[in-house]
Amino acid sequence: MKTTHCIIALCLAAGLPMTAMAEEPVDPAVYEAAYSEDGRYFNADDIPTFNIAEDGTVDWLTFSGFRRYHAECHVCHGPDGEGSTYAPAVKNAAVDLGYEGFFDVVVNGRKNGNSVMPHFGENRNVMCYLDDIYVYLKARGTDSVPRGRPAKKEAKSDMIREDENACMG
């Protein structure tokens, strides 16, 4: 995870307000990967994003995000972020909320009437893979990846492996 993203996650986990950093929804054209760094892709604004090759191969974070979403989130929000009778669809959450807004909701939770999203700021199975989940939902929200497990994926980079090990302890 890039240093700025770690700082954002730590601030949110500590309960520090991030409303001043909230992003406005952006034109889908800016979701395109502008560069990659150690197996991660970023748009021109340095926000994590997905990368899908012409043959359908997805970047590691998108694939990992699919796995992590289905391990932690789909119980409430349904398969592939499509929603359920228990909780709303979230496939557009990464697009609509932006990066910091998405982090804020996941880390701190949110209450909307009778609907409550619990906080996950202390859950390492979520926090250590929050960029992955964000990137996966961004790809789903822009219909860049279809429902279901991606058939082809890039290999996990050594840096991503090191970051996971450091985060999980």
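Helix H4 (93-108) bends by about 100° at Tyr99 in this predicted model. The bend can be set beside the end-to-end distance of the helix. H4 has 16 residues, and a straight helix at 1.5 Å a residue would reach 22 Å, but the end C-alpha atoms of H4 are only 15 Å apart. Just after H4, Gly109 takes a positive phi of about 80°.

The surroundings of H4 come next. Twelve of its 16 residues have under 20% relative accessible area and count as buried, so H4 is largely enclosed by the rest of the structure. Tyr99, the residue at the bend, is one of the buried residues of H4. Its sequence neighbours Gly98 and Glu100 are buried too. The buried set also includes Ala93, Ala94 and Val95, as well as Phe102, Phe103, Val105, Val106 and Val107.

H4 also takes part in the largest pocket, which has a volume of about 620 Å³. This pocket is lined by 28 residues, and those closest to its centre are His77, Pro88, Val90, Val105 and Met117. Val105 belongs to the buried residues of H4. With five residues, H4 gives the most to the lining. Other elements that each supply at least two lining residues are helix H2 (60-72), helix H3 (74-77), strand S4 (110-112), strand S5 (115-117) and helix H6 (130-141). Sorted by class, the lining has 21 nonpolar residues, four polar ones and three charged ones.

H6, one of the elements that supply this lining, can be examined in the way H4 was. Its twelve residues should span 16 Å at 1.5 Å a residue, and its end C-alpha atoms are 16 Å apart, which agrees. In H4, by contrast, the end C-alpha atoms fall short of the straight-helix value.

Burial in H6 covers twelve of its twelve residues, so this helix is largely enclosed by the rest of the structure. Charged side chains are part of that buried set: Asp131, Asp132, Lys138 and Arg140 are among its members. Also buried are Leu130, Ile133, Tyr134, Val135, Tyr136, Leu137, Ala139 and Gly141. Just after H6, Asp143 takes a positive phi of about 55°.

A last point concerns a loop. Gly56 is found between strand S3 (48-49) and H2. Its relative accessibility is 33%, and because values from 20% to 50% fall between buried and exposed, Gly56 counts as partly exposed. Gly56 and Lys153 are 97 residues apart in sequence, while their C-alpha atoms are 8.4 Å apart in space.

Notes. Residues are numbered from 1 along each chain as its sequence is written. This is a predicted model: local features need pLDDT of at least 70, side-chain atom pairs count only at pLDDT 80 or more; totals for chains, interfaces and linings use all residues. Side-chain values use heavy atoms; hydrogens and water are left out. On a 1 Å grid over the protein atoms alone, a cavity is a set of points where a 1.4 Å probe fits but cannot get out, and a pocket is an open set with protein on both sides within 12 Å along at least five of seven lines; lining residues have an atom within 4 Å of a point. Grid points are joined across faces, edges and corners, and a volume is the space filled by probe spheres set on the points. Helices (H or I, at least four residues) and strands (E, at least two) are DSSP runs, numbered from the N terminus. The expected span of a helix is 1.5 Å times one less than its number of residues. Buried means under 20% relative accessible area, exposed over 50%, partly exposed in between (1.4 Å probe, protein chains only). The bend at a residue is the angle between axes fitted to the seven residues ending there and the seven starting there.
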